[in-house]
Amino acid sequence: MSGLQVGDTAPDFTLTDADGQPVTLSGLRGQAVVVYFYPRASTPGCTRQACDFRDSLGSLQAAGYQVLGISPDPVPRLATFVETQGLTFSLLSDPDHEVMERWGAWGTKTTYGKQTVGVIRSTVVVGADGNVTWARYNVKATGHVAMLRRELGID
């Protein structure tokens with residue numbers, strides 16, 4: 001599947017967070033949600049990106065956005081990542097990458113000149129009505145949150 005486009009209805013999901021609790025996208029209806037997909041907790045790029053979201057969370061929330069991070073990591077790995085990095089937003093486990101596939105964040109990508117299949121680092125903003133308002137695929141870990149903030153008019 002190709003990525004979601006502005007105006008698409010965001011596919012609903014229920015995934016388990018780092019505390020072992022279910023999180024359902026439709027349960028957040030009425031709030032805008034930044035959903036970002038990342039390859040693996042505790043790797044340098046993913047740590048940098050998660051810490052950028054953590055450090056920007058106050059301004060994102062003040063502008064009306066909640067943040068959810070999704071990776072194929074198992075719940076215990078997410079829990080360790082949350083604890084070691086002091087993350088203050090929900091990380092969700094998608095071990096079978098079903099949600100990533102429906103959202104266009106799983107597929108063929110080029111890493112260090114080699115084609116592989118895996119997580120396509122992506123961010124999708126879902127409006128309070130459940131429709132996509134912003135989407136970017138193949139984003140860089142470094143500087144991505146700053147770009148997102150600029151494009152959402154937060155900076």
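Biologist: Why does Asn 138 count as exposed?
Modeller: In this predicted model, Asn 138 has a relative accessibility of 56%. The cut-off for exposed is over 50%. The value passes, so Asn 138 counts as exposed.

Biologist: Where does Asn 138 lie?
Modeller: Asn 138 is in the loop between β9 (132-137) and α4 (144-151).

Biologist: What makes the phi of Asn 138 worth a remark?
Modeller: The angle is near 60°, which is positive, and Asn 138 is not a glycine. Most residues other than glycine have a negative phi. Ser 42 also has a positive phi, near 70°. That residue sits in the loop between β3 and α1.

Biologist: Why is Ser 42 called partly exposed?
Modeller: Its relative accessible area is 43%. Buried needs under 20%, and exposed needs over 50%. Ser 42 falls in between, so partly exposed is the right label.

Biologist: Which residues line the largest pocket?
Modeller: Asn 138 is one of them. The others are Pro 39, Lys 109, Thr 110, Thr 111, Tyr 112, Val 119, Ile 120, Arg 121, Val 139, Lys 140 and Ala 141. The space inside is about 440 Å³. Strand β6 (residues 106-111) gives the most to this lining, with 3 residues. By class, the lining has 6 nonpolar, 3 polar and 3 charged residues.

Biologist: How many cavities of 30 Å³ or more does the whole structure hold?
Modeller: The search finds 1. About 30 Å³ of space lies in the largest cavity. Its lining is Leu 25, Leu 28, Arg 29, Gln 31, Val 33, Val 126, Gly 127, Ala 128 and Gly 130.

Biologist: What classes make up the lining of the largest cavity?
Modeller: There are 5 nonpolar, 3 polar and 1 charged residues. Gly counts as polar here, and Gly 127 and Gly 130 are both in the lining.

Biologist: Why is the pair of Tyr 36 and Phe 53 called stacked?
Modeller: The ring centres are 4.3 Å apart, inside the 6.5 Å limit for a pair. The planes meet at 20°, under the 30 degrees allowed for stacking. Both tests pass, so the pair is stacked.

Biologist: Which parts of the chain does this pair link?
Modeller: Distant ones, 17 residues apart. Tyr 36 is in strand β3 (residues 32-37), while Phe 53 is in helix α1 (residues 44-62).

Biologist: Are Tyr 36 and Phe 53 buried or exposed?
Modeller: Tyr 36 has a relative accessible area of 0%. Phe 53 has 0% too. Buried means under 20%, so each residue is buried.

Biologist: What aromatic cluster do Tyr 36 and Phe 53 belong to?
Modeller: One that also contains Tyr 38, Phe 81 and Phe 89. The structure as a whole holds 7 aromatic pairs.

Biologist: How do you know that Thr 123 counts as buried?
Modeller: Its relative accessibility is 0%. The limit is under 20%, so Thr 123 is buried. The residue lies in strand β8 (residues 122-126).

Biologist: What makes the link between Thr 123 and His 144 a polar contact?
Modeller: The two side chains are joined at 2.6 Å. The cut-off is 3.5 Å between N or O atoms, so the distance fits.

Biologist: Which residues does Thr 123 contact, leaving aside its neighbours within four places in sequence?
Modeller: Tyr 36 from the stacked pair is one of them. Val 34, Val 35 and Gln 49 are others. The list also has Trp 134, Ala 135, Arg 136, His 144 and Leu 148.

Key. Residues numbered from 1 in each chain as written. Predicted model: local features only at pLDDT ≥ 70, side-chain atom pairs only at ≥ 80, totals over all residues. Heavy atoms only, no water. Phe/Tyr/Trp six-rings, centres within 6.5 Å; stacked < 30°, edge-to-face > 60°. Helix = DSSP H or I, 4+ residues; strand = E, 2+ residues; numbered from the N terminus. Buried < 20%, exposed > 50% of the residue type's maximum accessible area, 1.4 Å probe, protein only. 1 Å grid on protein atoms, 1.4 Å probe; cavity = no way out; pocket = protein on both sides within 12 Å on 5 of 7 lines; lining within 4 Å. Points joined across faces, edges and corners; volume = space filled by probe spheres on them. Polar contact = N/O pair within 3.5 Å; in protein donor to acceptor, adjacent residues only side chain to side chain. Contact = heavy atoms within 4.5 Å.
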